[in-house]
Amino acid sequence: MTSVPAAAVFGTEQVRRGRYAIMAVFAVHGAVTGSFATRVPWIQDHASVSAGQLGLALAFPAIGASLAMPLAGRVSHRFGARTALRGLLALWTLALILPALAPNLLTLCAALFVYGASAGMSDVAMNALGVEVENRLDKSIMSGLHGMWSVGALIGSTAGTVAAHIGADARLHHTAAALVLTALGLIACQGVLDLRSRPDEEPPPRFTLPPRSALVIGAVGFCAVFAEGASLDWSAVYLKEHLGSSAGVAAASTTAFALTMAIARLAGDRVVDRFGAVPTVRVSGVLATAGGLLVVLAPNTALALCGFGLLGLGVAVTVPLAFAAAGRSGDNPSRAIAGVATITYTSGLIAPSAIGSLAEATSLLVSFGLVTVLAFGLVLGAGVLRGSDRKVAEGGVPQPATTRTPKVG
């Protein structure tokens with residue numbers, strides 16, 4: 001049995017509503033991350049952990065996400081896409097409360113494990129639904145969805161900065177934020193498309209290795225996320241230590257990178273629709289490589305800032321397109337998306353420590369030379385994202401990305 005084309009089941013208005021709903025879901029997901037990141041110093045003090053112990057604890061979100069991501073497909077199969085996303089997103093927003101409650105290292109690691117596991121499962125579920133909506137609209141939306149995630153992260157971090165500035169207790173701040181975001185998430189999930197597995201479809205395994213296609217696509221995502229993580233965490237340090245910039249100017253590098261990345265993602269869908277995924281990523285890789293070279297060769301702060309801006313511009317659309325390609329890479333999109341998500345999460349986990357270790361052994365200049373080499377990997381590997389372009393049949397009918405039969409909810 002094959003899946004039914006969306007146009008035969010969902011009306012145009014339902015699909016459009018589904019798009020706006022999943023946009024809101026992405027923003028809520030990002031807001032949780034932004035809210036947490038700004039209160040890490042408070043959490044460290046409350047748990048009485050050293051910098052080294054905090055670094056250990058901050059590895060647990062990625063561990064939890066990597067282990068739990070494969071379960072997202074099974075949850076969606078069992079409960080349907082809408083109900084699964086509703087539950088997983090609520091679990092993620094409420095998990096924001098846990099880290100601030102942790103009184104010591106052990107409980108902090110446990111809290112961050114749950115926090116990461118819920119983040120990973122909801123991430124897979126919302127990206128899978130994003131790919132479904134993209135197919136039904138027959139135009140690129142994944143870059144814009146990830147742009148909305150960035151907007152949500154900026155909103156969450158802004159609110160967190162204000163809370164930190166006034167000295168608010170993070171337990172109260174995160175509890176209030178979690179309740180608000182949970183309510184917003186539940187409202188947003190009401191509008192997502194309700195897709196259900198066929199009655200005769202076997203449930204996905206609880207744990208499984210990613211398919212080969214996901215490994216290849218994930219390698220490109222790995223390069224982009226490595227460059228992203230390195231730039232976000234180390235750009236300010238690079239400018240301060242290597243170029244002698246002031247603390248305020250150095251901090252502007254992070255802002256330049258984050259803003260260019262968010263803007264590129266919000267505008268990226270039009271570019272992808274106009275030129276296609278592969279050319280877009282190749283040109284993005286050229287921009288990222290040029291940015292990396294500018295960072296490494298820059299004799300002054302201004303040129304280095306331009307370099308970090310180009311890096312943000314260059315890596316912005318790669319991960320959304322990697323998820324889109326994974327969602328069309330076989331007959332088990334959730335498994336492929338989980339595989340790509342696991343690889344990109346791993347990249348985000350190891351990038352900051354890898355840059356630091358290499359800098360300690362050599363220099364930050366060499367570290368960002370590695371970032372530049374990986375950015376060039378986007379140029380070489382862009383072809384594997386060809387599946388990001390929507391497949392259209394001879395009659396002009398968009399082909400569904402999955403073998404699931406939609407059910408109007």
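A nonpolar core here is a set of buried Ala, Val, Leu, Ile, Met, Phe, Trp, Tyr and Cys residues joined through side-chain atoms within 4.5 Å. I keep in mind that this is a predicted model.

**Entry 1, the core.** I looked up the largest nonpolar core and found 105 residues in it. Ile-22, Val-25 and Leu-85 touch the most other members. I then checked which helix gives the most to this core: helix H8 (residues 105-137) does, with 14 residues.

**Entry 2, Ile-22.** What does Ile-22 touch? Leaving out residues up to four places away in sequence, I listed Leu-85, Met-126, Leu-129, Gly-130, Leu-145 and Val-192.

**Entry 3, helix H12.** I went to residues 247-275 next, the 29 residues of helix H12. At 1.5 Å a residue they should span 42 Å, and the end C-alpha atoms are 40 Å apart, so the two agree. I also found a bend of about 45° at Ala-267. Just after H12, Gly-276 has a positive phi of about 95°.

**Entry 4, the buried side of the list.** The buried residues of H12 include Phe-257, Met-261, Arg-265, Asp-269 and Val-272. Which helices help to cover the buried residues of H12? I noted H9 (142-165), H11 (212-242), H13 (277-297), H14 (301-315) and H15 (318-326) among what covers them.

**Entry 5, helix H17.** I ran the span check again on the 18 residues of helix H17 (residues 364-381). The expected span is 26 Å and the end C-alpha atoms are 26 Å apart, which agrees. Among the buried residues of H17 I wrote down Leu-364, Phe-368, Val-371, Leu-374, Leu-378 and Gly-381.

Note on methods: Residues are numbered from 1 along each chain as its sequence is written. This is a predicted model: local features need pLDDT of at least 70, side-chain atom pairs count only at pLDDT 80 or more; totals for chains, interfaces and linings use all residues. Side-chain values use heavy atoms; hydrogens and water are left out. Helices (H or I, at least four residues) and strands (E, at least two) are DSSP runs, numbered from the N terminus. The expected span of a helix is 1.5 Å times one less than its number of residues. The bend at a residue is the angle between axes fitted to the seven residues ending there and the seven starting there. Buried means under 20% relative accessible area, exposed over 50%, partly exposed in between (1.4 Å probe, protein chains only). Contact means heavy atoms within 4.5 Å.
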